[in-house]
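Open the model in your viewer and follow the stops below in order. Each stop says what to select and what is found there.

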Number of protein chains: 2
Amino acid sequence: MGVAEEAVWDIFRNPSPRRKGVGAPGDDCALLQPPPGRSLLQTCDQVIEGVHLLPSDPPKVYAQKLLRRCLSDLAAAGATPWAAQWTMAIPPERGRRWMLALAKAFRAEAEAFGLPVAGGDVSQAPVVVLTCTLLGLANGKVPGRGKLRGNETLFVSGSLGGAVSSGRHRCPEPRLALGQRLVEHYAPRAMMDLSDGLVRDLPRMLGRSPEQKAGQVAAWGADIRLPKLPIANELEANPAGWASAIGEGEDYELLVALAPRQTKAVAEDRVLQKFGLREIGQVVPQAGIRFLDDGGRSLRLKAKGWEYGWR
Amino acid sequence: MGVAEEAVWDIFRNPSPRRKGVGAPGDDCALLQPPPGRSLLQTCDQVIEGVHLLPSDPPKVYAQKLLRRCLSDLAAAGATPWAAQWTMAIPPERGRRWMLALAKAFRAEAEAFGLPVAGGDVSQAPVVVLTCTLLGLANGKVPGRGKLRGNETLFVSGSLGGAVSSGRHRCPEPRLALGQRLVEHYAPRAMMDLSDGLVRDLPRMLGRSPEQKAGQVAAWGADIRLPKLPIANELEANPAGWASAIGEGEDYELLVALAPRQTKAVAEDRVLQKFGLREIGQVVPQAGIRFLDDGGRSLRLKAKGWEYGWR
């Protein structure tokens, strides 16, 4: 557990809810005994003051966003959350009280998702920097990205856009039940959560992103029917609504690529309808993403999605 | 994987060395299939500019310290390193080059320890904040802390003190082989790595630390023979040498509590001698830590170990 602050150790020490196979932390390591035969999924994420949240946001909001955006990655794998570890680096002037409120809020959030906290680490930094590592149990074949055949139908859950401007990004809703149902019943060819905006995330699914080496993955494209995109209520009368829906980011909805033969069954699945899962377009063999209007005409849209400004 | 910077994705994408059961990252989660029947150990740690390292330290030093202090936690559990995930938050003005050098150095370090990197996350912060989460495979009963019977013999490896002042703390040596051998052959009653100094870490092992609820763990004490403490060469002629050896911290040596009947076998084990494992004292039923001189007289020492200054 490294350098730790005794006052919050109690929070780390007692995993709650208790879970068979997740040992009490407090030692240097947490002892984990996953259920035999189940694959694990591991993901890590960060929440940083001034990047993801404001200095004025209360500790509860930090805890919520940290855990929920990390859970969203498990949702994208159709996994069941199993155990959490997290780290906090906090400015000393925030004080012990803020730190304890954060630790309690994280634990309460984890409990709400049935997730034991199996340890963590505490340190100092000039701004609040939180990280979370989650382990999940796989519920079937993990879809991942970049394994498309060029003929899939694309779906998204919920509605897109306005998450940042409305403040919804502070408490995202991880689509865990949706992801699990899709993996268990429809074996998606690819699935991911939308964190940086459709214009930035979709290319990652298609294997056209610069992070993938040329030739490593087939370069598919996609036709997106813009009028089919479910945009957030408050954006509907707004001319910039579409730009926000595809480029504002922090939606944490699922983007799903399904084999064409499953389109009908998915559209008729009442559980999936509850999550507002709807068809938005097609994967096509031609590279590039086209946004089409009602008449099938290609539109030029300005939206680039979330990006850091590295020199 | 959340918000990520494409330029470093390649580093995260290809786990190297490859390992059966550790899936290629690049998706939202890493897919892990641990060997059947083996328990896992999980630990996380942080390295922060201005707290653990200087702004002027090169990226390689950041990578080394991050991975090695986290490996030291696995060593304390006698575990075999199995998979790593890590996060970086870096000031934009450090630039892409520094970030890439860090990512490459981390990967090279991980390779040197036979450890595949199974994903990570990249973001921004006003100072460098790095975290690392490691999974290890258990090699026997995990010793942990706080399960003492009050009659154990205490050992430490290597030498203590001077790690910070000499700069050795920047590249600690995780005692993996030692930890594994002890767990496999001697089933220690307790084992931990010394990161905050003996005066601060020993009470944690004894169950006397304020982080443990009253009554939860028996309150043992320890008698430490000060002349038996292996202090770092450069401190031997230094009157403050002892204070550094017990309170400077960042030693990353192992502190081990063994059943009395194993003292002789351990002292004669040539592999353990190679790590400089030596007896330093006894766990005793009376609470409190006493430092004794050659004649068995109790000494008063001023050293408090590493502590953050929370308000």
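Select B:Glu250 in this predicted model. B:Glu250 has 22 other C-beta atoms within 10 Å and is therefore buried, the cut-off being 20 or more. In chain B, the residue sits in the loop between α7 (241–247) and β9 (254–258). Check the backbone torsion there: phi of B:Glu250 is near 65°, a positive value in a residue other than glycine. Most residues other than glycine have a negative phi.

Now switch to chain A and select A:Tyr252, which is in the loop between α7 (241–247) and β9 (254–258) of that chain. A:Tyr252 is not a glycine either, yet its phi is positive, at about 55°. Is A:Tyr252 buried or exposed? A:Tyr252 counts as buried, because 26 C-beta neighbours fall inside 10 Å.

Stay in chain A and select residues 198–206, helix α6. Nine of the nine residues of this helix are buried, so the rest of the structure largely encloses it. Charged side chains can be picked out in the buried list: A:Arg200, A:Asp201 and A:Arg204 are included, and so are A:Leu198, A:Val199, A:Leu202, A:Pro203, A:Met205 and A:Leu206. To see what surrounds the helix, show β7 (190–193), β8 (221–225), α7, β9, β10 (278–284) and β11 (288–292) of chain A, against which the buried residues of α6(A) pack. Then step to A:Gly207, which follows α6(A) and has a positive phi near 80°.

Next, colour chain A by domain. The assignment gives domain 1 as 9–137 and domain 2 as 153–299. Their C-alpha centres lie 28 Å apart. The contact between them takes 16 residues from domain 1 of chain A and 17 residues from domain 2 of chain A. Which helix supplies the largest share of the domain 1 side? Helix α2 (residues 59–76) of chain A does, with 11 residues. By class, the residues on the domain 1 side that touches domain 2 divide into seven nonpolar, four polar and five charged.

Keep α2(A) selected and add helix α5 (residues 176–186) of chain A. Two packed helices are described by the angle between their axes and the distance between the axes. Here the angle is about 15° and the axes are 8 Å apart. Angles under 35 degrees count as roughly parallel, and α2(A) and α5(A) are therefore roughly parallel to each other. α2(A) passes α5(A) in a left-handed crossing. For the residues that meet, select A:Leu71, A:Leu74, A:Ala75 and A:Ala76 in α2(A), together with A:Leu176, A:Leu178 and A:Gly179 in α5(A). This contact has six nonpolar residues, one polar residue and no charged residues.

For the last stop, select A:Leu137, which lies in strand β5 (residues 129–137) of chain A. A:Leu137 is partly exposed because 16 other C-beta atoms lie within 10 Å, a count between the limits of 12 or fewer for exposed and 20 or more for buried. Leaving out residues up to four places away in sequence, A:Leu137 touches A:Pro35, A:Arg38, A:Leu40, A:Ala79, A:Thr80 and A:Trp82. Finally, draw a distance from the C-alpha atom of A:Leu137 to that of A:Ala243: the two residues are 106 residues apart along the chain, and the separation is 36 Å.

Notes
Residues are numbered from 1 along each chain as its sequence is written. Chains are lettered from A and ligands numbered from 1 in the order in which they are written. This is a predicted model: local features need pLDDT of at least 70, side-chain atom pairs count only at pLDDT 80 or more; totals for chains, interfaces and linings use all residues. Helices (H or I, at least four residues) and strands (E, at least two) are DSSP runs, numbered from the N terminus. Two residues are in contact if their C-beta atoms, placed from the backbone, lie within 7 Å. Domain bounds come from an automatic or database domain assignment. Axes are lines fitted to C-alpha atoms, for helices over the stretch in contact, and angles run from 0 to 180 degrees between N-to-C directions. Angles under 35 degrees count as roughly parallel, over 145 as roughly antiparallel, 65 to 115 as roughly perpendicular and the rest as oblique. A crossing is left-handed if the near helix is turned anticlockwise from the far one by less than a right angle, and right-handed if clockwise.
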